[in-house]
Amino acid sequence: MLTFTKSSKKTKFISPCDPMWVSTVQHQNVGVVPAITTARRNPKFPSSLPKPPGTFRFDIRFRVSKSKVWAAKKQLNELETREPESEELLVREKNGESFDFGWLPAFPHALVASMSNFLFGYHIGVMNGPIVSIARELGFEGNSILEGLVVSIFIAGAFVGSISAGSLVDKLGCRRTFQIDTIPLILGAILSAQAHSLDEMLLGRFLVGLGIGVNTVLVPIYISEVAPTKYRGSLGTLCQIGTCLGIIVSLFLGVPSGNDPHWWRMMLYIACVPGFILTLGMQYAVDSPRWLCKAGRFDDAKAVINDLWGAAEVEKAVQEFQSVSKNDGNDLNSRWLELLEEPHSRVAFIGGALFVLQQFAGINGVLYFSSLTFQDVGVTNGSLANLIIGLTNLAGVLCASYLVDNQGRQKLLIGSYLGMALSMFLVMYANSFPLDEQFSHNLSILGTVLYIFTFAIGAGPVTGLIIPELSSTRMRGKIMGFSFSAHWVYIHDHPTHFL
């Protein structure tokens, strides 16, 4: 561009390179301007080429540069004439206030996996009401030791399943392990439903516990590896949501058991349905892209990442997985002794400690004795009391699904345990100090409900979510297996903590 300025004496030529020319330009905010590129001369070609006689040629560089400048000016004009509503929309999108559906492609896969936790919750609650009818029909009514054995054999199977899950997921991947694991879940439920002796019931419950132990390890790993990083926390809470829904459904279905002494068989037959759904759903689900890269199936991993995370994340994610695999080793058969080495030993210790602390806080004991607390205030309907507890638990998990990615895992864990401590103080205060009877009962109910709600916000869902994020790809399955085995061992030592 050439600019002429007119003074009182003479006309002055100003070059575009002159600083005075820059000062004459009016400054205004015009937004993002696309880069203006020009073609560069190839040094291998001669500086000038002979022109055919009688022709006139424009330099191609001038034409390319002129077209880019014209495009830039056109976009500047569009920005200047943009409507205020459009500018406000851009601001909302920049501030993250618009709807975000980036989680949607991974949601169906995470939802299918959470069906395993639904089964976990269902089998927790399925023995809550019908245990008396089962004991009467199978011939051990009034024997509290055998009744406790029917419950605790489930935990023993879960312990064995948790230990074996790490090796299975390393060799087969999460998707195939899910499908194989439905075999003991379905067989165990059918065997329990058809049991005519204590031995058949114990075998069926052990098989169900074996499948649940494997699945409780698999689900957090699978969801953390198929979910985009931005939504990993929110999708990870589907584990706890599935458990809550399973408990609520089992309690609803257990209502007729008070009138029909054989209804427990139908409840155990119904437990087969989620197993079949899980098997069929995993046939259409994807494998973990991390495991695919670990197994050397990079093309399959790229296809999965493209479908779930978007094409822009493919190369970046694959390079990251390759780098991690190079540092950790590509061997799919990691050894248990590696848990004694740093940094795996530290992560395993943290995982085991968090799960033991989760159970030591007494959540299952609170759930078990909460019906007695409601009876003290006049709520004699056990199903109604269990429904209140189940809905409170579900509400807390839904809050966690919103907060976990916004506030972070550490804040939710600290806030959860502080809330649980405050809740227990309210219950203790209500039962230890001379207060009005009605006020004391209401305070006990408030403390119990608040305890379950604060547990569901942090200690419940975050504990299983944070361990896969801390673990290396090579040892993730075995670290999760060790952590959950500590969880089952603690429950087994304290059977009254299990609902």
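In which helix does D181 lie? In this predicted model, D181 belongs to helix 6, which comprises residues 144-193. The residue is buried but forms no salt bridge. R176, the nearest side chain of opposite charge, lies 14 Å away, whereas a salt bridge would require a separation within 4 Å. A polar partner is nevertheless present, as the side chains of D181 and N215 are in polar contact at 3.1 Å. When residues up to four places away in sequence are set aside, D181 touches L210, G211 and V214 in addition to N215.

Two further positions illustrate pairs that are separated in sequence. L111 is located in helix 4, spanning residues 107-125. Its relative accessibility is 40%, and L111 is therefore classed as partly exposed. The C-alpha atom of L111 is 8.8 Å from that of C239, although 128 residues separate the two along the chain. C239, in contrast to L111, counts as buried because its relative accessibility is 12%, under the 20% limit. The second pair involves P130, which is situated in the loop between helix 4 and helix 5, the latter covering residues 131-138. P130 has a relative accessible area of 2% and is therefore buried. Its C-alpha atom lies 9.3 Å from that of R265, at a sequence separation of 135 residues. Beyond its neighbours within four places in sequence, P130 contacts S257, W264 and M267.

The cysteines were also examined. C174 is buried, with a relative accessibility of 2%. A disulfide is a covalent bond between the sulfur atoms of two cysteines. With a sulfur-sulfur cut-off of 2.5 Å, the number of disulfides in the model is zero.

A cis peptide bond occurs between E342 and P343, with omega at about 0°. Most peptide bonds are trans. P343 is placed in the loop that connects helix 14 (314-328) with helix 15 (344-360).

Helix 18 consists of 24 residues, 409-432. At 1.5 Å a residue the expected span is 34 Å, and the end C-alpha atoms are 35 Å apart, so the two values agree. The buried residues of helix 18 are R409, L412, L413, S416, Y417, G419, M420, S423, L426, V427 and A430. In an α-helix there are 3.6 residues a turn, so residues three or four places apart point the same way.

Note on methods:
Residues numbered from 1 in each chain as written. Predicted model: local features only at pLDDT ≥ 70, side-chain atom pairs only at ≥ 80, totals over all residues. Heavy atoms only, no water. Helix = DSSP H or I, 4+ residues; strand = E, 2+ residues; numbered from the N terminus. Buried < 20%, exposed > 50% of the residue type's maximum accessible area, 1.4 Å probe, protein only. Lys, Arg positive; Asp, Glu negative; His and termini not counted. Polar contact = N/O pair within 3.5 Å; in protein donor to acceptor, adjacent residues only side chain to side chain. Contact = heavy atoms within 4.5 Å. Expected span 1.5 Å × (residues − 1).
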